[in-house]
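Thanks for making the time this morning. I would like to walk through one model with you, and I will try to keep confidence and geometry side by side as I go.

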Amino acid sequence: MKLKYILLALLIALFTVACSEDDSNYEAPIVNEVEGLNKVQEITNNDHTIELYTASGRFYTGYNAISIRIKDNTTDTYIENASVSWMPVMQMPTMQHSCPNTNPIKEPGKDTVYSGNIIYQMAFEDGTGWSLTVNYTINDMDYSSTAAITVMQNDDQNVSSFMGSDNKRYVVAMIEPKNPIIGNNELVVGVYEMESMMSFPVVQDFTLSLDPRMPGMGNHSSPNNTNLTYNSADNMYHANLTLTMTGYWVLNLKLMNTEGDILKGEAVTEDNIQSSLYLELEF
Amino acid sequence: MKKYVIYCIGLLFSAAVYAQEPEAIVEKDTTQLQEVIVIGQRKLSNYRQEKTLSSVDDYLEKSNKITMIKRGNYAWEPTMNNMTSERLNVTIDGMQIFGACTDKMDPITSYVDVSNLEKVNIGSGQEGAENGHCVGGGIDLQLPQSKFYDFGFKSSADLGYETNGNYRTAGLDLEYSGNKFYLNADGIYRKSDNYDAGNNEEVLYSQFEKYNVSLQGGYKLNEKHAIDANLIYDKATDVGYPALPMDVSLAEALIASLTHTYKNDTTFVKSWESKLYFNTITHIMDDSKRPDVPIRMDMPGWSDTYGFYSKVGFKDEKHDILINLNGFYNRSVAEMTMYPNDSNQPAMFMYTWPDIRTLYSGIFAKDAISLSDKETLTASARFGFHNNTIAEQVGLESLQIFYPELTDSKNRFLMSVAADYQLQTKTYDASFGLGYGERAPSVSEGYGFFLFNSFDNYDYIGNPTLNNEKSVEVNAKANYYKNRFKVGIEASYFYIMDYIIGEIDPNLSAMTIGANGVRIYNALDNASIFDVFLNMSYDLTEKLSANATVGYNYGSGSNGENLPLIRPFSYLAEVAYNTNKFNVALQLEGNGNQSRYSSFYGEDKTSAYAVLNLNLGNILYLKNNKMVFKYGVENILDANYSTYADWNNIPRQGRNFYINVSYVF
């Protein structure tokens, strides 16, 4: 009885595998390397068209994981050997500045897709103001392409830009969890110093204390959270974030430098219901 | 599932084999020890203030061993030997059924009505282990036996009215009984507005409305074999809980069973009864009628149970043996959705019971051995396998906040053994018993997630790592009769190891707005519970009698703190006059000052009280028909009082005039 089921299962498995092998033998594999992503926009110059993709198909304030493809306008094929960098710029009335970002590199296992990230720390209400310049080199030839982009304000504050007590400007942005669960979540945060208007290097070896709260539940907190500590493998800060229910959470943070001096944020108490440094999360 | 069934069968066999040994050594007869409350609806009785249409709760409260915890005027929670539901095994005719409310607003006694039942078997301590494992005792609400009486059609109707709360009750019972076939249908409807405590103080949110219908039928295959089917549907709506921050908009149960009975007087095997059953409960809490709540929420809960038992009775001159093989599978889910006052924020959701599946199978054996005409030695044992599984991934992840290593399944082996010696002569009888029992933590104790307890104002978190709670008990009982005088004493002592109770964790932040903090279920090293009752009665004449009972209870944990919900000194005195057609009784009932209250576990002191009740009854015979009247006054002096068992000190009913009329035709 049982054996019969196992045999049946094995047969089904065999046939399934066989089919897909047939496919790959007889047809050229059309692998969509941007499957699951949505195109935000294209940036075009005379030679190439640069396609920008995110999961949502839009740019929002905060951390954006972005994939790009560069299409040769004459051959209609995607470039596989480019080296790429980019520069997002926000045009303010009196000055302009950039934001923390990581240049795109070839995504492992893919031929045409390059991915990086940009953390827009702010946006105008109508989404205007930001532009993106993509510089790339193909076969020792340099190219550049610039276009205005639209960055929408995220509903929740997932990035915070502030002046620390050491008179330096910092940007703190939430990267994970993208899909929070009721339970233990890995919280990943990026911390960057605004060295100049155009340079935002990663800050290393600081710590952030974490105190998640639900303002809608009398500032209920959750247990067994850990503080955010720096991980040199990915240049980000990691912590355990526990969420006891779905809803709106405020992650109260305190940023401390290597000496343990508090640069920004306060402890949550009866009188002080929220730290001045916080991130928001909703699920 | 299939895997479980195989496990389960395997375990049953191993349990059966294992059980052989102790069964031979140990023995005990619970039937003779068990207290039986007869749900005699239409008989005259002077036993306390019995109304025709008393609720099951009222009936249960008559037992010395049982106190009902009241969170309102409906769905009281029975406690036995000062222990609450999780330490008891409450069954309906051997069927396991579990309430679907995380806050114990629906003890299963609330899902049956007097019209469904014939009697209630109360087994104190391990005497109550016939249907399942317990520490405090077992309550089995028994359905009527097969009724192949061949009297044709019979019916009866009941009406009741009580002034306090404008409480209306109506019941109808239709019966057909033949030689080979019978069918019984009954229904009961109850509705009460808010009741008044003493001095006309209205207790808000104490209303309720419920109805219950049941259908029972049987067919006799031959002289030895019969099949019975029973269906109960119970639905309560608009039930207020003045002691709690929420009410109930729906408490609904469907209880179904199919029973096969074999009876033979001539063989060694006297009876063999097997039952298949299932029940499903839906419980919806509701705060929409409360004007002031910190946050609006929905809290629905569901509980489904499937099970069986098969019990065989053997009897010869010396032995009276009962073997009961049973098993059940329960699914308990409860969730909470809260709606923030800031409507821009999304609703907040959590599983408070994360879809816990409980699979149990076990075997019970009991032998009552007649040592002589006067002496009986009874021994019993139960062995079982108990598994809890968290079926909801979200629930498992939720609990991993507190228990990062938690896996979704936990097995336990449970055991119970007891022995009892009884001596019976014309002038006195006495019994002495010893017992050992274990129980698994309840779903709330094991897996509850932020369950708010309004009694101590703490949120509770379950603890899946709890050990089984174990109890060693000693009980003794003696009665002495002389002429018209009778005096009896009854005492039990429980030494409970790994006593499960909530322990404050100061590091945790309360979820419920306004709660004092969070308690995690944990175990005290041990706890002791002692109770003793002294009863005296004297028949002045054939018709006039007096009786009095006093009781004392004690409970303390190994941490030196008093246990909560331990009954203070209590007394009851009654003078009754009885004839065949008329009865009257005047009764005084009260508690002493609760001096040993448990402030550590959130209890406050309850003062002494005493109430006076008067009840009367008449029977009128009209040709072939019969009318029974029950009427009286409860709390004659309109005392405004609450007892230690009243959740958050909600006051009890003030003066209440009542009348019940039954018409049998």
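I will begin with confidence, then turn to the strands, the cores, the contact between the chains and a few backbone details.

What we have here is a predicted model, and its scores are ipTM 0.84 and pTM 0.87. For chain B the mean pLDDT is 90, with 93% of its residues reaching 70 or more. The stretch to treat with caution is residues 5-32 of chain B, where the pLDDT is below 50, although in the model this stretch has 54 contacts beyond near neighbours in sequence. Where pLDDT is low, the predicted coordinates should not be read in detail.

Let me turn to the strands of chain B, where β27(B), residues 517-539, is a useful place to start because it takes part in several pairings that differ in sense, as DSSP bridges define them. With strand β24 (residues 458-461) of chain B, β27(B) pairs in the parallel sense over four bridges, and within that pairing B:Asp459 has B:Val518 as its bridge partner. Strand β26 (residues 485-504) of chain B, on the other hand, runs antiparallel to β27(B) and is joined to it by 19 bridges, with B:Glu490 standing opposite B:Phe533. The pairing of β27(B) with strand β28 (residues 544-557) of chain B is also antiparallel, over 13 bridges; here B:Asp531 is the bridge partner of B:Asn553, and a hairpin of four residues links the two strands.

Elsewhere in chain B there is an open sheet of five strands with mixed pairing, in the order β1-β6-β7-β4-β5. Its edge strands are β1 (35-38) and β5 (95-96), each of which pairs on one side only. β1(B) is antiparallel to strand β6 (residues 119-124) of chain B over four bridges, and one pair to look for in the viewer is B:Glu35 with its bridge partner B:Ile122 in β6(B).

Now to the cores. The largest nonpolar core has 169 residues, and those with the most contacts inside it are A:Val171, A:Val172, A:Ala173, A:Val189 and A:Leu253. The element that gives the most to this core is nevertheless β19(B), with eight residues, while domain 1 (38-152) and domain 2 (159-282) of chain A each provide at least three. Leaving aside neighbours within four places in sequence, A:Val189 is in contact with several residues, including A:Val172, A:Ala173, A:Leu208 and A:Tyr237. Apart from this core lies another, of five residues, among them B:Phe328, B:Leu359, B:Tyr360 and B:Phe385.

How many residues does each chain bring to the contact between them? Chain A brings 19 and chain B brings 22. On the side of chain A that touches chain B, β14 and β16 (220-221) each supply at least two residues, and by class that side has six nonpolar, 12 polar and one charged residues.

Finally, some backbone details. A:Glu176 and A:Pro177 are joined by a cis peptide bond, with omega about 0°, and A:Pro177 lies in the loop between β13 (169-176) and β14 (183-193) of chain A. B:Asp355, which is not a glycine, has a positive phi of about 55° and is placed in strand β19 (residues 348-370) of chain B. Is B:Asp355 buried or exposed? B:Asp355 is buried, because 20 other C-beta atoms lie within 10 Å. B:Phe450 likewise has a positive phi of about 55° without being a glycine, but its place is in the loop between α5 (443-447) and β23 (451-453) of chain B; B:Phe450 has 23 C-beta neighbours inside 10 Å and therefore counts as buried.

Methods:
Residues are numbered from 1 along each chain as its sequence is written. Chains are lettered from A and ligands numbered from 1 in the order in which they are written. This is a predicted model: local features need pLDDT of at least 70, side-chain atom pairs count only at pLDDT 80 or more; totals for chains, interfaces and linings use all residues. A residue is buried if 20 or more other C-beta atoms lie within 10 Å of its own, exposed if 12 or fewer, and partly exposed in between; C-beta atoms are placed from the backbone. Two residues are in contact if their C-beta atoms, placed from the backbone, lie within 7 Å. Ala, Val, Leu, Ile, Met, Phe, Trp, Tyr, Cys and Pro count as nonpolar, Asp, Glu, Lys and Arg as charged, and the others, Gly among them, as polar. A nonpolar core is a set of buried Ala, Val, Leu, Ile, Met, Phe, Trp, Tyr and Cys residues joined through C-beta atoms within 7 Å. Domain bounds come from an automatic or database domain assignment. pLDDT is the predictor's confidence in each residue, from 0 to 100.
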